[in-house]
Every structure is written in structure tokens, then in C-alpha cells.
Amino acid sequence: MENLTQAIQGVPLNHYILLSIIVFAIGVVGVLIRRNAIVIFMSVELMLNAVNLLLIAFSVHHNDPSGQVFVFFIMALAAAEVAIGLAIIVMIYRNINSTDVNILNKLKW
Amino acid sequence: MSISLFYFVAFLTIFFALLVIFSKNPVHSVLYLIVTFFTFTLHYIMLNAQFLAIVNFIVYMGAIMVLFLFVLMLLNLNEGSIGSKSNLLKMVGVIAGMCLIITLVGSLRALDTSDPLVLQTQDLGLVKNLGKVLFSKFLLPFEISSILLLSAMIGAVLLAKKDIKQV
């Protein structure tokens, strides 16, 4: 473990920010280009994780444990969000027999 | 061990994240997402956030992924049962994502070049240290999050159960 934590000694903070930006953007692209509601949901999880990584990197940078506590709360929130979201998807599937978001266009003008 | 370990894991993260959104079969997407979360766990270990690495491992790779796989099996969505968006819309989506990256990276470059990340105290992310903060400074949010989880459980049961027959 000591050896492993030596690995980050020297990685610039900017590279962590860059990695988080790229993963977040991949999540955004996933929401934009997919039609399956479950895959859209997974992309949202990717975005949440990108933000978690950024918070932990900043927490280490500033030597402040509050950032890691925030990540803990985000994880609790994500668990609740996934449970509710998947319940909604199951309900939608029961009503329209598909999870295609293009069928759900009643609010579209 | 060297710095290159970080870049290798970062490359794996981006690679599997791309596979998540571009694979046709939703089951494959879930499996790639599990690998992506595992690479995030590796990042947390390298940052010496051991508590969060374990929580990430248990909550994301254990609970959330099982939930996703379970719902996919329940709904029996096969490959091709849902069509994909037209190529034009896909291109527009990818270009929009690129624009987001360019905007954020541009604002990042306005900053000075950053110092290397240095772990100042070794026990920053250990359970002992985080527990002290969590149960002193963040006690109220911690208790409120338990109410959140309870309400989420009740809501999920209410939403997912079949309607009671109308009399």
C-alpha cells in the first residue's frame, strides 16, 4: 500500500481534472446518443463517478477530509437514485412494453 | 511503481467508459461499467482514500451493478429490440460532447500549471480519520441521509409494485 500511494506523488492536479472532464463528457455523450433508458441511466452514473474522483483529488490536494465525506454522501444519494430510477423504468416498461425513450414523447411539441 | 501507473489506469478508465456508451448490447454496457468502476476504485486506492475505495467497491460494483443487471434480466431487452438514433443525431451528440470538453479544457488552461499532487498526511482517507469528521462535523447530514435512503426504499417499492385492482 505504501508503494501504491507513492505512485500519485508527482501526478499534476490538472491531469486529474482532465480525466474527470473526459469521463464526464463521455457520460454526456452517452445520454445524448442512446435511446435505451437503462443505458442513459448508466451514463448518468459515469458522470457521478467523474465528479467523485474530482472531489477526492481536491480533497487530497487541500489535505481536507470534508471532500471525501461529500463523496460518501454522493454515493448514498446515487444508491437511492438508482433504486428509484430503476423502479420508474420497470413501471414504464410495464406500461409501454419498452424502455425506448423516443416513445415517451407526449410532452414534445 | 511510477507515475505511469496513473496514466495506464486513466487510459483504462476512458477506454471502458467509451465502450459503455458505444456497445450495442445493454448487458455488455453493464459489464463494461463494472470494469470502469473498478478502475475508479484503483484511482481511489492510489489517492490513499481507502475507505472510499472499499465503499465504491461494495456500493457501486456490488449493489448498483447487481440492480442494473437484475432489471436488464427482468425486462429481457435483447440486442436490437431498441433501435439506435439516426447517424445525424449521433454525430450531433458527439460534437456536443467535444464542445463540452473543449470549453472545460479551455477554462482549465486559463489556470496556472498546477503543482504535483502530494499526499501531506498519510491517514487522510482512512476510516478512523473520516469517521471522526463524519460523526462530529457532518452528523446532521449523515442522519438525514438515512431518512433519504428510507424514503427511497419506500418509493421504489411503491413505484415498482403492480397497481391495486380498481374496484
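A residue counts as buried under 20% relative accessible area, as exposed over 50%, and as partly exposed in between. The exercises below apply this to a predicted model.

**Exercise 1.** Classify Asn97(A) as buried, partly exposed or exposed, and state what is unusual about its phi.

*Solution.*
- Position: Asn97(A) belongs to the segment that follows H4 of chain A.
- Accessibility: its relative accessible area is 58%. The cut-off for exposed is over 50%, so Asn97(A) is exposed.
- Backbone: the phi of Asn97(A) is positive, near 60°, in a residue other than glycine.

**Exercise 2.** Locate Asn63(A) and give its exposure class and the sign of its phi.

*Solution.*
- Position: Asn63(A) sits in the loop between H3 and helix H4 (66–96) of chain A.
- Accessibility: the value is 28%. Partly exposed lies between the 20% and 50% cut-offs, so Asn63(A) counts as partly exposed.
- Backbone: phi is positive, about 60°, although Asn63(A) is not a glycine.

**Exercise 3.** Decide whether Ser20(A) is buried or exposed, and list the residues it touches beyond four places away in sequence.

*Solution.*
- Position: Ser20(A) is part of helix H2 of chain A.
- Accessibility: with a relative accessible area of 5%, Ser20(A) is buried, because the limit for that class is under 20%.
- Contacts: leaving out residues up to four places away in sequence, Ser20(A) touches Ala50(A), Leu53(A) and Leu54(A).

**Exercise 4.** For helix H1 of chain B, compare its length with the expected one, then explain how its buried residues are arranged and what covers them.

*Solution.*
- Length: H1(B) covers residues 4–22, which is 19 residues. From first C-alpha to last it reaches 27 Å, close to the 27 Å expected at 1.5 Å a residue.
- Buried set: Phe6(B), Val9(B), Ala10(B), Thr13(B), Phe16(B), Ala17(B), Val20(B) and Ile21(B) are the buried residues of H1(B).
- Arrangement: viewed down the axis of H1(B), these residues fall within an arc of 135°, so they line one face of the helix.
- Background: an α-helix has 3.6 residues a turn, so residues three or four places apart point the same way.
- Cover: the elements over the buried residues of H1(B) include helix H2 (13–33) and helix H3 (37–62) of chain A, along with helix H2 (26–46) of chain B.

**Exercise 5.** Identify the residues of the nonpolar surface patch that includes Met153(B), and classify Met153(B) by exposure.

*Solution.*
- Members: Leu150(B), Met153(B), Ile154(B), Val157(B) and Leu158(B) make a nonpolar surface patch of about 500 Å².
- Position: Met153(B) is found in helix H6 (residues 139–160) of chain B.
- Accessibility: at a relative accessible area of 52%, Met153(B) is exposed.

Methods
Residues are numbered from 1 along each chain as its sequence is written. Chains are lettered from A and ligands numbered from 1 in the order in which they are written. This is a predicted model: local features need pLDDT of at least 70, side-chain atom pairs count only at pLDDT 80 or more; totals for chains, interfaces and linings use all residues. Side-chain values use heavy atoms; hydrogens and water are left out. Patches are made of residues with over 30% relative accessible area and no salt bridge: like charges are joined within 9 Å, nonpolar side chains (Val, Leu, Ile, Met, Phe, Trp, Tyr) within 5 Å. Accessible areas come from the Shrake-Rupley method with a 1.4 Å probe; for residues, only the protein chains shown count as cover. A salt bridge is a side-chain nitrogen of Lys or Arg within 4 Å of a carboxyl oxygen of Asp or Glu. Helices (H or I, at least four residues) and strands (E, at least two) are DSSP runs, numbered from the N terminus. Buried means under 20% relative accessible area, exposed over 50%, partly exposed in between (1.4 Å probe, protein chains only). The expected span of a helix is 1.5 Å times one less than its number of residues. The arc is that of the directions from the helix axis to the C-beta atoms. Contact means heavy atoms within 4.5 Å.
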